[in-house]
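Hi,

Here is the structure I promised to send over. Have a look at it first, and then read on for what turned up when I went through it.

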Amino acid sequence: MSKSDNKDNGKPSLARRGAIPASASRPVATPIFPSVVYAAESADTLDAQYEGALEGYTYAREGHPNADMLAATVDQLEGAEGGIVTASGMAAISAMFLGVLKAGDHVLAGDQLYGRSLRMLGQDLPRLGFETSFADSSDVAAMKAAIRPNTAMIMIEAVSNPTLRVADVTGIAELAAAHGALLVVDNTFTTPAMFRPMEHGADIVINSITKFLAGHSDVTLGYVAARDPGLRTAIYDAAVTWGTTPSPFDCWLAERGIHTFDLRFEKAQATAATLADALAGRDGIRQVIYPGRADHPHHNRAGALFGGQFGNMLSFEIEGGRDEVNSFVMNAGGIPFAPTLGDVGCTLSHPASSSHRALSAEGRAALGISEGYFRLSVGIEPPELVLDELDAALAAVRGES
Ligand SMILES: *Cc1c(COP(=O)(O)O)cnc(C)c1O
């Protein structure tokens, strides 16, 4: 009797699964593989799998088809090999640190990283015996001055949040190479459509798939890839051991979203450029920060690094204080006031009350973040719709509605 007959000595057992029906045709969309375990043919084939002589899955925390298919797609986008998908962007960063660093190593990081990355570097890594410090990654001289003899890693984001400063990636890559330190680039803000860090000297690239790549604000996932195969193995083992690996369903959802990533990003970038120029001429706007504008302090560097693309992230400052900020948010039509980015639609965030609330007003001012400072993650809506909504919000701030 075959084990797939769903019977046990003539008595059916619901505990036994039936065979997957044979089909001469195959599904076009990727199936979801929720199985935690994979049954091997024999002890010999299992040995062969563990030794790498046979391909195959064993246990979902160690890998499954949905994660591997998604990783292969992001690898292609990043021009990387052997990347892994993790349960979140922070899980990717955790697995990377845990797999690569040893106690006593120093990590030099950009001073305007994603909030939780700053917290991990500022609090968690020192508690575990790693040294960390921060410097302005748009200024290679400041980074160079912060290098220590035990600096093993430099971690940056190419465009900072929310002030959209552009890192001197080329200078920092040279600095890292000269010092024998690894360069890690979190590419979430820039995305691989605009920037491929490994082509600019990065040893390790990170993405929060949660944001643009998945693109629909319905799944939390991350990605990490290393240029060196030994580091790849170390990061993979850290992810499996510390349990930062992803769920099949989440990977499947992200794969579904990523099919349209390049189209979404292209449209959102074009709209961001239009909105930046339009907003710059509006009453009640103190300044617009967009790397694609000639008045951005790093406009030329952005042009050279990103090949003429400037992204979908746009920041601007309105005149006034908290009352004006509330009025703007409450009158901005259908734009969700939500601290995220990369959604299919626009999202508006206010660093002083969200991502940068832990800083004092002086601390924020030092970074150039006033009470009236907003960040807009531009989506794929028609630009006229978004501009109408922003104009309505500005009119409300001016007391005109
Ligand atoms: C959101 C984000 C992360 C963290 O990703 P999660 O998927 O939310 O864990 C890391 N870096 C940057 C730049 C981000 O925007």
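Before the domain numbers, one term: buried area is the accessible area, taken with a 1.4 Å probe, that two parts lose on being put together, summed over both. Please also keep in mind that this is a predicted model.

**The two domains**

The domain assignment splits the chain into domain 1 (63-258) and domain 2 (261-397). Their C-alpha centres are 25 Å apart, and the contact draws on 31 residues from domain 1 and 30 residues from domain 2. Between them, domain 1 and domain 2 bury about 2,700 Å², with 65% of that on carbon and sulfur atoms.

What about charges across the boundary? How many salt bridges are there between domain 1 and domain 2? The count is 1 salt bridge. There is a salt bridge between the side chains of D168 and R301, at 4.0 Å from N to O. Polar contacts add to the picture: 14 residue pairs make one across the interface of domain 1 and domain 2. On the side of domain 1 that touches domain 2, α6 (169-179) and α8 (248-258) each supply at least two residues. That side is made up of 16 nonpolar, 12 polar and 3 charged residues.

**Around α6**

Helix α6 deserves a look of its own. Which of its residues are buried? They are V169, G171, I172, A173, L175 and A176. Among the elements that cover them are α5 (140-145), β6 (151-157), β7 (182-186) and α10 (299-306). Just after α6 comes G180, with a positive phi of about 70 degrees.

The loop between β6 and α6 has two backbone features you may want to click on. P162 sits in that loop, and the peptide bond from N161 to P162 is cis, with omega near -5 degrees. L164 is in the loop between β6 and α6 too; L164 is not a glycine, yet its phi is positive, about 55 degrees. L164 counts as buried because its relative accessibility is 0%, and the cut-off for buried is under 20%.

**Two more loop residues**

T191, in the loop between β7 and β8, is another non-glycine with a positive phi, about 65 degrees. Is T191 buried or exposed? T191 is buried, as its relative accessible area is 1%.

T210 is found in the loop between β8 (204-208) and β9 (222-226). At 16% relative accessibility, T210 is buried as well. A polar atom of the T210 side chain lies 3.0 Å from the backbone nitrogen of L221. Leaving aside residues up to four places away in sequence, T210 touches G215, V219, T220 and L221.

**Salt bridges elsewhere**

Over the whole structure, the search turns up 13 salt bridges. Here are some to look at:

- D124 and R127 meet through their side chains at 3.0 Å, N to O. They are 3 residues apart in helix α4 (residues 115-127), so about one helical turn separates them. An α-helix has 3.6 residues a turn, so residues three or four places apart point the same way. D124 is partly exposed at 23% relative accessibility, whereas R127 is exposed at 60%.
- D277 and R293 form a salt bridge at 2.8 Å, N to O. D277 belongs to helix α9 (residues 261-280) and R293 to the loop between β10 (285-289) and α10, so this pair ties together parts that are 16 residues apart in sequence. D277 is partly exposed, with 47% relative accessibility, while R293 is buried, with 17%.
- R293 also meets D295 in a salt bridge, at 3.0 Å from N to O. D295 counts as partly exposed, at 48% relative accessibility.
- D111, D136 and R165 are linked in a network of salt bridges.

If you open the model with a few spare minutes, I'd begin at the D168 and R301 salt bridge, then step along to the cis peptide bond from N161 to P162.

Cheers

Note on methods:
Residues numbered from 1 in each chain as written. Predicted model: local features only at pLDDT ≥ 70, side-chain atom pairs only at ≥ 80, totals over all residues. Heavy atoms only, no water. Domains from an automatic or database assignment. Contact = heavy atoms within 4.5 Å. Polar contact = N/O pair within 3.5 Å; in protein donor to acceptor, adjacent residues only side chain to side chain. Helix = DSSP H or I, 4+ residues; strand = E, 2+ residues; numbered from the N terminus. Nonpolar A, V, L, I, M, F, W, Y, C, P; charged D, E, K, R; others polar. Buried < 20%, exposed > 50% of the residue type's maximum accessible area, 1.4 Å probe, protein only.
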